[in-house]
Amino acid sequence: MQIEGYIHSFETFGTKDGPGIRFVLFLQGCPLRCLYCHNPDTWNKEGAKYIWTSQQVFDEMYKVRMFTKGGITVSGGEPLLQPDFVSELFRLCKENNIHTAVDTSGYLLNNKIKEVLRYTDLVLLDVKHIDTEKYYSLTARPLEPTLQFIDYLSEINKPVWLRYVLVPDYTDAEEDLIRWAEYMSRFRNIERVDILPFHQMGLHKWEQIGKDYKMKNVRTPSKEEIDRAEHIFKSYGLPV
Ligand code: SF4
């Protein structure tokens with residue numbers, strides 16, 4: 001029986017979510033509640049625009065394969081909330097030599113997710129903070145599962161691109177950047193680190209879903225602030 005996926009949307013010219021030009025699939029549902037979330041309309045699985053089988057998604061992607069030569073990235077929301085669907089989709093991709101990436105917060109890990117990772121070439125992992133209390137304030141969930149997730153990725157030597165959203169007054173304290181870099185520098189499977197400057201792109205979506213957006217007055221970090229974070233990460237040998 002084909003497994004259905006709850007899908008928010010897809011993009012056929014993704015250039016920011018993995019190597020090359022990619023087909024990017026955004027799945028519906030997320031267990032985190034990040035204060036700066038750009039896609040709060042993905043939080044609940046019920047809001048899915050499409051309910052498609054993995055074969056249907058594969059066929060959709062296959063139509064544009066001449067343009068999306070980089071492969072496929074499954075993002076969200078949290079794609080690993082639907083592990084059976086993603087496993088089946090990635091298995092089809094690997095049978096057809098298509099590069100697979102998953103973009104996750106690393107909050108969930110179980111045997112089904114380990115199965116997804118067998119068919120995954122690259123993990124894009126957001127470690128949103130290194131301080132446990134600040135992580136909780138930012139995401140409404142504990143940090144520990146994400147640290148266990150990255151330990152597992154290291155154990156299976158899975159290539160990882162780390163992502164860090166730089167938010168003035170929330171994630172940019174020098175001591176936190178140093179602790180984050182020091183912690184991550186122990187892993188040998190990190191191929192790249194991207195610093196993503198906070199911006200206000202999600203504001204209208206929070207208004208649409210009628211939720212209070214606490215980041216209304218937060219600014220985008222300056223070039224100097226981004227350079228400073230980059231300098232700290234590089235000083236620990238991270239490939240920024
Ligand atoms: S993990 Fe991503 S989708 Fe989920 S709340 Fe955080 S930013 Fe939004």
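In the predicted model, Glu 230 and Lys 234 both belong to helix H8, which spans residues 223–235, and the two are four residues apart, about one turn of the helix. Their side chains form a salt bridge in which the closest N and O atoms are 3.0 Å apart. Glu 230 has a relative accessible area of 25% and is therefore partly exposed. Lys 234, at 45% relative accessibility, also counts as partly exposed, because the partly exposed class extends from 20% to 50%.

This pair belongs to a wider set, as the structure holds 17 salt bridges. A further example is found in helix H2, which comprises residues 83–95 and contains both Arg 91 and Glu 95. These two residues are likewise separated by four positions, about one turn of the helix. The salt bridge between Arg 91 and Glu 95 brings the closest N and O atoms to 2.4 Å from each other. With a relative accessibility of 27%, Arg 91 counts as partly exposed. Glu 95, in contrast, reaches 52% and so counts as exposed, since the exposed class begins over 50%.

Helix H2 also takes part in a salt bridge through Lys 94, whose partner is Asp 121; the closest N and O atoms of this pair are 2.6 Å apart. Asp 121 is located in the loop between helix H3 (111–118) and strand S6 (122–126), whereas Lys 94 is in helix H2, so the pair ties together parts that are 27 residues apart in sequence. Both partners are partly exposed: the relative accessible area is 26% for Asp 121 and 28% for Lys 94. Elsewhere in the structure, salt bridges join Asp 17, Asp 103 and Arg 163 into a network.

The packing of helix H2 against other helices was examined next. The axes of H2 and H3 lie 9 Å apart, and the two helices pack at an angle of about 20 degrees. This angle makes H2 roughly parallel to H3, because angles under 35 degrees are placed in that class. The crossing of the two helices is left-handed. On the H2 side, the contact is made by Pro 83, Asp 84, Val 86, Ser 87 and Phe 90, and on the H3 side by Lys 112, Ile 113, Glu 115 and Val 116. By residue type, the contact of H2 with H3 consists of five nonpolar, one polar and three charged residues.

Helix H1, formed by residues 54–63, also packs against H2: their axes come within 9 Å and cross at roughly 45 degrees. H1 is therefore oblique to H2. The crossing of H1 and H2 is right-handed, whereas that of H2 and H3 is left-handed. H1 contributes Ser 54, Gln 55, Val 57, Phe 58 and Met 61 to the contact, and H2 contributes Phe 85, Glu 88, Leu 89, Leu 92 and Cys 93. The residues in the contact of H1 with H2 comprise seven nonpolar, two polar and one charged.

Taken together, helix H2 holds Arg 91 and Glu 95, contains Lys 94, the partner of Asp 121, and makes contacts with H3 and with H1.

Conventions: Residues numbered from 1 in each chain as written. Predicted model: local features only at pLDDT ≥ 70, side-chain atom pairs only at ≥ 80, totals over all residues. Heavy atoms only, no water. Salt bridge = Lys/Arg side-chain N within 4 Å of Asp/Glu carboxyl O. Buried < 20%, exposed > 50% of the residue type's maximum accessible area, 1.4 Å probe, protein only. Axes fitted to C-alpha atoms, helices over the stretch in contact; angles between N-to-C directions. Parallel < 35°, antiparallel > 145°, perpendicular 65-115°, else oblique. Left-handed = near helix turned anticlockwise from the far one by under 90°. Contact = heavy atoms within 4.5 Å. Nonpolar A, V, L, I, M, F, W, Y, C, P; charged D, E, K, R; others polar.
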